[in-house]
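Me: Could you walk me through the holes and helices in this one? I'd like to go piece by piece.

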Amino acid sequence: MSSETTQVEVWSDIACPWCFIGKARFTAALEQFDRRDRVEVIWRSYQLSPDTEVGAGERELDALVRMKGMSPAQVKEMFEHVAATANTDGLDIDFDTVVAANTFDAHRLVHIARTQGLADEMLAALFTAHFSDGRIVDDVDVLVAIAEEVGVHGAAQALADGQGADEVTADIAAARELQVSGVPLFAADRRIAVSGAQPVDVFLQFLDQAV
């Protein structure tokens with residue numbers, strides 16, 4: 001890596017709506033940034049609910065009621081706030097159709113896509129699939145279909161062969177070492193960091209400081 005290139009690592013989870021919003025805002029900031037050619041973005045894996053059973057097919061609302069001890073009314077109120085915020089950023093989140101999922105294999109797919117230069121597109125497609133389209137992102141057939149839509153080749157075989165698993169595990173271990181307690185987290189050369197779905201102007205300041 002060139003000494004003039006700043007590496008921005010972003011830890012996020014595909015099941016995290018604020019990560020979806022944060023990616024959109026960070027991408028908007030990067031598009032406006034006058035030295036974006038000097039920024040290398042690496043999407044890192046993180047799991048907010050690693051114990052979610054693969055294929056359980058539980059509605060997100062029911063999962064949060066069970067895990068957080070919140071009432072359905074409280075969860076719905078939270079959903080409405082998040083969806084309204086996402087809408088201001090041009091994102092459609094339909095919590096009525098969101099199915100709770102274990103995101104480990106979806107994160108593997110982002111790493112597989114990265115080898116073909118399509119990590120950003122893959123992550124964007126997974127967020128949309130999960131939050132907007134009600135697709136089940138811990139179903140291998142669904143993941144392969146999304147990969148094909150993005151243009152990632154050989155996803156079925158790569159997933160079957162276990163590709164990407166070591167990378168996901170390493171990302172999660174690095175997050176633990178860096179004491180990442182919430183996502184999204186944006187770290188530039190592991191020197192400076194900003195967390196949360198910040199406004200575009202905050203991300204622009206972050207990029208300016210980083211580069």
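Reply: Happy to. Helices (H or I, at least four residues) and strands (E, at least two) are DSSP runs, numbered from the N terminus. This is a predicted model, where local features need pLDDT of at least 70 and side-chain atom pairs count only at pLDDT 80 or more, while totals for chains, interfaces and linings use all residues. Residues are numbered from 1 along each chain as its sequence is written, and side-chain values use heavy atoms, with hydrogens and water left out.

Me: How many cavities of 30 Å³ or more are there?

Reply: The search of the whole structure turns up 1. On a 1 Å grid over the protein atoms alone, a cavity is a set of points where a 1.4 Å probe fits but cannot get out; a pocket is an open set with protein on both sides within 12 Å along at least five of seven lines, and lining residues have an atom within 4 Å of a point. Grid points are joined across faces, edges and corners, and a volume is the space filled by probe spheres set on the points. By that count the largest cavity holds about 40 Å³.

Me: And what lines the largest cavity?

Reply: Ser 12, Trp 43, Arg 44, Ser 45, His 107, Val 110 and Leu 123 line the largest cavity. Strand S2 (39-45) and helix H4 (104-114) are the elements giving two or more residues to that lining. S2 has the largest share, with 3 residues. Sorted by class, the cavity lining has 3 nonpolar, 3 polar and 1 charged residues; here Ala, Val, Leu, Ile, Met, Phe, Trp, Tyr, Cys and Pro count as nonpolar, Asp, Glu, Lys and Arg as charged, and the others, Gly among them, as polar.

Me: OK, pockets now. What volume does the largest pocket have?

Reply: The largest pocket comes out at about 520 Å³. Its lining has 28 residues, and Ala 15, Leu 48, Glu 60, Leu 64 and Lys 68 lie nearest the centre. Helices H1 (17-32), H2 (60-68), H3 (72-88) and H5 (119-131) each give two or more residues to this lining. H2 gives the most, 6 residues, and the lining divides into 18 nonpolar, 5 polar and 5 charged.

Me: What about the class mix in the second largest pocket?

Reply: That lining has 6 nonpolar, no polar and 6 charged residues. Among them are Arg 59, Lys 76, Phe 79, Glu 80 and Asp 94. The second largest pocket has about 190 Å³ of space, and H3 supplies the largest share of its lining, 4 residues.

Me: H3 keeps popping up. Which of its residues are buried?

Reply: Val 75, Phe 79, Val 82, Thr 85 and Ala 86 are the buried residues of H3. They sit on the same side of H3 because they cover an arc of only 130° around the axis, the arc being that of the directions from the helix axis to the C-beta atoms. Buried means under 20% relative accessible area, exposed over 50%, and partly exposed in between (1.4 Å probe, protein chains only).

Me: What's on the face of H3 turned away from its buried side?

Reply: That face carries the exposed residues Ala 73, Glu 77, Glu 80, Asn 87 and Thr 88. On the other side, H1 and H2 are included in what covers the buried residues of H3, where contact means heavy atoms within 4.5 Å.

Me: And which residues of H2 are buried?

Reply: In H2 they are Glu 60, Leu 61, Ala 63 and Leu 64. These fall within an arc of 160° seen down the axis, so they line one face of the helix. The cover over the buried residues of H2 includes H3. Just after H2, Gly 69 has a positive phi of about 70°.

Me: Switching topic: which peptide bond is cis?

Reply: The one from Val 183 to Pro 184 is cis, with omega near 5°. Pro 184 is in the loop between helix H8 (165-177) and strand S3 (185-188).

Me: Where is Asp 189 found?

Reply: Asp 189 is in the loop between S3 and strand S4 (192-195). Its phi is near 50°, a positive value in a residue other than glycine, and Asp 189 is partly exposed at a relative accessible area of 29%. Arg 190 is in the loop between S3 and S4 too, with a positive phi of about 55°. At 44% relative accessibility, Arg 190 counts as partly exposed.
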